[in-house]
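Work through the two exercises below with the model open beside you, and try each task before you read its solution.

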Amino acid sequence: MRRIALINQKGGVGKTTLTTNLGHALALAGQRVTVIDLDPQGQLASSYGLFRAPRKGIDQVLLQQQGITDVRQGIRDLLTLIPAGEKLQEIEYLQDGGATRARLLQQGLQGMSADQDFVLFDCPPSAGLLVANAIFAADEALIPLCADHMSLNGLIMMLKTLKKFEPYLSKPLTQWIALNRFFPRRKLSKDIAEKLHNHFPEQLLEIPIREAAAIAECPGVGRTIFEYKPNSQSAKEFKALADLLMNSAPALS
């Protein structure tokens with residue numbers, strides 16, 4: 001089981017979009033996938049067509065120690081959703097429990113079936129307690145960013161944050177970088193992509209997801225790109241990204 005946190009302190013880089021479509025791409029490739037919404041905004045459920053937000057979800061696992069299998073929902077073949085739940089934001093205000101507050105998700109995942117191939121965490125744009133839970137529970141971190149200077153600065157901040165956690169982890173997180181909302185004809189985009197290739201050659205997943213109207217339209221109709229525009233360039237890119245991720249073994253086992 002590969003547990004991957006899609007994580008970036010900066011907002012607007014497409015974490016939920018990547019989680020939604022990458023999760024479905026992996027499932028379509030025959031992988032058993034669970035996606036977990038750790039963002040209190042709860043947009044992952046609506047991205048899959050659940051427009052009435054589920055009241056219970058991962059919040060019950062973290063706050064009430066409810067079994068994780070009790071709050072999961074099958075949403076596509078081989079694809080399971082664990083929604084945010086309406087009380088997830090309360091995690092950020094926990095005062096009791098000391099360091100164990102950051103390991104609630106890690107403990108909750110012990111009840112998950114071992115037959116899952118991938119577990120993807122859709123993280124909030126912050127560096128709070130929910131993100132700390134994702135870092136401790138994950139084996140890998142996938143950092144999405146757009147090809148602009150602000151996103152590049154956000155990447156550096158995110159890498160520094162992950163570095164601070166390393167002394168407390170049983171092993172360092174394998175780190176991946178994914179370019180999202182990419183404009184291939186824009187000089188700045190090309191320059192940023194080249195910098196990433198030069199400075200992070202082992203971590204960069206060299207399948208950028210281009211900016212496309214179809215991707216932006218998908219959440220409004222509750223479909224993934226494979227259901228909304230299955231023959232589009234975007235669908236091909238997400239399939240290629242999933243294939244690349246499946247064939248990219250973590251740096252540390």
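For the first exercise, Ala, Val, Leu, Ile, Met, Phe, Trp, Tyr, Cys and Pro count as nonpolar, Asp, Glu, Lys and Arg as charged, and the others, Gly among them, as polar. The structure is a predicted model.

**Exercise 1. The largest pocket**

Task: describe the lining of the largest pocket, by position and by residue class.

Solution. Begin with the space itself, which has a volume of about 280 Å³. Next, find its centre: among the 18 lining residues, Lys15, Thr16, Asp39, Gln41 and Gln43 are the closest to that point. Then turn to the helices, where α1 (15–28) and α2 (43–47) each supply at least two residues of the lining, and where α2 gives the largest share, namely four residues. Finally, sort the lining by class, which yields five nonpolar, nine polar and four charged residues.

**Exercise 2. The nonpolar cores**

Task: identify which residues touch the most other members of the largest nonpolar core, and which element gives the largest share of this core.

Solution. As background, nonpolar side chains in soluble globular proteins tend to be buried together. The largest nonpolar core holds 51 residues, of which Ile7, Ile36, Ile58, Phe121, Leu155 and Leu196 touch the most other members. Among the elements that each supply at least two residues of this core are β5 (118–122), α5 (129–137) and α6 (149–165), and the largest share, eight residues, comes from α5. Now take Phe121 as an example: leaving aside its neighbours within four places in sequence, Phe121 is in contact with residues including Ile4, Leu6, Ile36, Leu38, Leu105 and Ala134. As a last step, locate the second, separate core of 32 residues, which includes Leu18, Leu26, Ile75 and Trp176.

Methods:
Residues numbered from 1 in each chain as written. Predicted model: local features only at pLDDT ≥ 70, side-chain atom pairs only at ≥ 80, totals over all residues. Heavy atoms only, no water. 1 Å grid on protein atoms, 1.4 Å probe; cavity = no way out; pocket = protein on both sides within 12 Å on 5 of 7 lines; lining within 4 Å. Points joined across faces, edges and corners; volume = space filled by probe spheres on them. Core = buried A, V, L, I, M, F, W, Y, C linked by side-chain atoms within 4.5 Å. Buried < 20%, exposed > 50% of the residue type's maximum accessible area, 1.4 Å probe, protein only. Contact = heavy atoms within 4.5 Å.
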